[in-house]
Amino acid sequence: MTDVHHDVVVVGDGPVGLVHAAAQAAAGRSVAVIGPGRRHPAGTFELLSGDLAPVLQVVGILHDVRTRAPRCAGTVFRWGNDAFTEQNGQQDRWAGGWVIDRSWFDQALRDVVAASFPQIEFLDGNATTVQRAAGVWAVEVAGPAQDRMAVAGRSLSLATGRSDRLHSGAGLPAVRRHPMVAITCRIPNGLPDLGPRLLVDAADNGWWYAMGDGRSSTVGYVTDADLLAAGPDRIRATWAAAIPSAPWVPGDLVDAPVVARRSVVGDCPPRAGDTAALPVGDAVLSADPLSGHGLLVGLRGALHAAADLDGYLSWVSEQITVHREQERRLYKHVAGARPGHGEFWIRRCR
Ligand SMILES: Cc1cc2nc3c(=O)[nH]c(=O)nc-3n(C[C@H](O)[C@H](O)[C@H](O)COP(=O)(O)OP(=O)(O)OC[C@H]3O[C@@H](n4cnc5c(N)ncnc54)[C@H](O)[C@@H]3O)c2cc1C
């Protein structure tokens, strides 16, 4: 068992963990990042808000994003009415951002952070337990070759995404959670006419989206986890049953390979004081995928948490309130426009 000591231990090597580690290192603290280095499959497209440009500039990845990712050209949506509507320009909250493929973005971010902050120690593996004793955090890590490591830090930041497995050891309150699932499928040659745009379409028990970079696209169906079809292959059965509800989805995708993305929506307001770890990104506020703003809130918070802890705690509470209200209004609008639809909308109408 190896022992490593740092000022800050960051568990989670997604975008938020990496940016938070960079900000901690820039503030002169010694930092270790623990993560399995696992990346999303190619074609996992997400919108990166244009409002993140200053954060991307600070981290040193703005140039890469500008040269590799197309600008999001707008949104096409059918949100409670019969016809698709195209939004672009200033009224579109998503236009002006970039369509990124998380398979390259996460890796590029890691490369940039590692090159700019060679003092950050990257430790491959999964944190299995965290606990605090005598003012020091102890993190146990299972490495890729079943090796085990103990990592100690004066403070602990949790950037573990939508998994809350370490929350109770980290002294954090239970996450208020609402489990959703996104079933996604990649179309290598892209959906005709989609281009670098986002398409959103309400369905009876969830909603569809499509997003691409102008060459290939990903189509996804999002629903509540407890509304998945019953039976042995719930994901495939749900996918097959939903496809007829979206005539624009090519019918032959029924048999195409799909990936289920766990999309728990939840929040866990962090606690003041030094007996609890600091949660950042999805670990503190996992937005509904519909918001398209998970990275915006997560990456801004990653910098904020490193610079001004007290300010961060009240900022997070505000963000939780703002996000939940936005989601409620957005869903209620659709639910009101599509009366009599499935349980997914009935829940969101209450
Ligand atoms: C279907 C879907 C679509 C979305 N679309 C968008 C979008 O268009 N735009 C947008 O801005 N956001 C979108 N989001 C949200 C966005 O994906 C998240 O907000 C973002 O990934 C948060 O980054 P993160 O670093 O906090 O978490 P993650 O990206 O989940 O990274 C967490 C990391 O922690 C690691 N980890 C977890 N547990 C441990 C452990 N015990 N030990 C070590 N490492 C651990 C994981 O391996 C992972 O690498 C979407 C989300 C979903 C589900």
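The legends below describe close-up views of a predicted model.

**View 1. The ligand and the shell of residues around it.**
In this predicted model, the ligand is surrounded by 32 residues, of which the closest are Leu47, Arg102, Ala127, Asp282 and Leu295. By residue type, this shell around the ligand divides into twelve nonpolar, twelve polar and eight charged residues. Several elements each supply at least two residues of the shell, namely α1 (15–26), β2 (31–35), β3 (45–48), β8 (126–133) and α6 (294–307).

**View 2. Polar backbone atoms facing the ligand.**
A nitrogen atom of the ligand lies 2.8 Å from a backbone N or O atom of Leu47, a residue that is also listed among the closest to the ligand. An oxygen atom of the ligand is found 3.1 Å from a backbone N or O atom of Val16, and a polar backbone atom of Ala159 is 3.4 Å from an oxygen atom of the ligand. Taken alone, the ligand exposes 990 Å², and 91% of that is buried by the protein.

**View 3. Phe105 within the largest nonpolar core.**
The largest nonpolar core comprises 46 residues, and those with the most contacts inside it are Leu48, Leu56, Val65, Trp98, Phe105 and Tyr312. Leaving out residues up to four places away in sequence, Phe105 touches Pro15, Leu48, Leu56, Ile61, Val65 and Ile100.

**View 4. Gly35 in strand β2.**
Gly35 belongs to strand β2, an element that supplies at least two residues of the shell around the ligand. Gly35 counts as buried because its relative accessibility is 4%, which is under the 20% cut-off. When its neighbours within four places in sequence are set aside, Gly35 is in contact with Asp13, Leu123, Asp124 and Gly125. Pro244 is 209 residues from Gly35 along the chain, and the C-alpha atoms of these two residues are separated by 40 Å.

**View 5. Thr223 in strand β15.**
Thr223 is part of strand β15, which spans residues 217–224, and this threonine counts as buried because its relative accessibility is 1%. The side chain of Thr223 reaches the backbone oxygen of Asn205 at 2.6 Å. Asn205 also appears among the residues that Thr223 touches, which are Met180, Val181, Asn205, Leu228 and Phe344 when residues up to four places away in sequence are not counted.

**View 6. Asp224 and its polar contact with Arg348.**
Asp224 also lies in strand β15, and with a relative accessibility of 0% this aspartate counts as buried. Its side chain makes a polar contact with the side chain of Arg348, at 2.8 Å. Not counting residues up to four places away in sequence, Asp224 touches His178, Pro179, Met180, Phe344, Arg347 and Arg348; Met180 and Phe344 are also touched by Thr223.

**View 7. Two loop residues with positive phi.**
Gln146 has a phi near 60°, a positive value in a residue other than glycine, and is placed in the loop between β9 (136–142) and β10 (148–158). Gln146 counts as exposed because its relative accessible area is 70%, which is over the 50% cut-off. For Asp193, phi is near 70°, again a positive value in a residue other than glycine, and the residue lies in the loop between β12 (180–187) and β13 (198–203). With a relative accessibility of 71%, Asp193 counts as exposed.

Definitions and conventions: Residues are numbered from 1 along each chain as its sequence is written. This is a predicted model: local features need pLDDT of at least 70, side-chain atom pairs count only at pLDDT 80 or more; totals for chains, interfaces and linings use all residues. Side-chain values use heavy atoms; hydrogens and water are left out. Helices (H or I, at least four residues) and strands (E, at least two) are DSSP runs, numbered from the N terminus. Buried means under 20% relative accessible area, exposed over 50%, partly exposed in between (1.4 Å probe, protein chains only). A polar contact is a pair of N or O atoms within 3.5 Å; within protein, one must be able to donate a hydrogen and the other to accept it, and residues adjacent in sequence count only if both atoms are side-chain atoms. Contact means heavy atoms within 4.5 Å. A residue is near a molecule or strand if one of its heavy atoms lies within 4 Å of it. Accessible areas come from the Shrake-Rupley method with a 1.4 Å probe; for residues, only the protein chains shown count as cover. Ala, Val, Leu, Ile, Met, Phe, Trp, Tyr, Cys and Pro count as nonpolar, Asp, Glu, Lys and Arg as charged, and the others, Gly among them, as polar. A nonpolar core is a set of buried Ala, Val, Leu, Ile, Met, Phe, Trp, Tyr and Cys residues joined through side-chain atoms within 4.5 Å.
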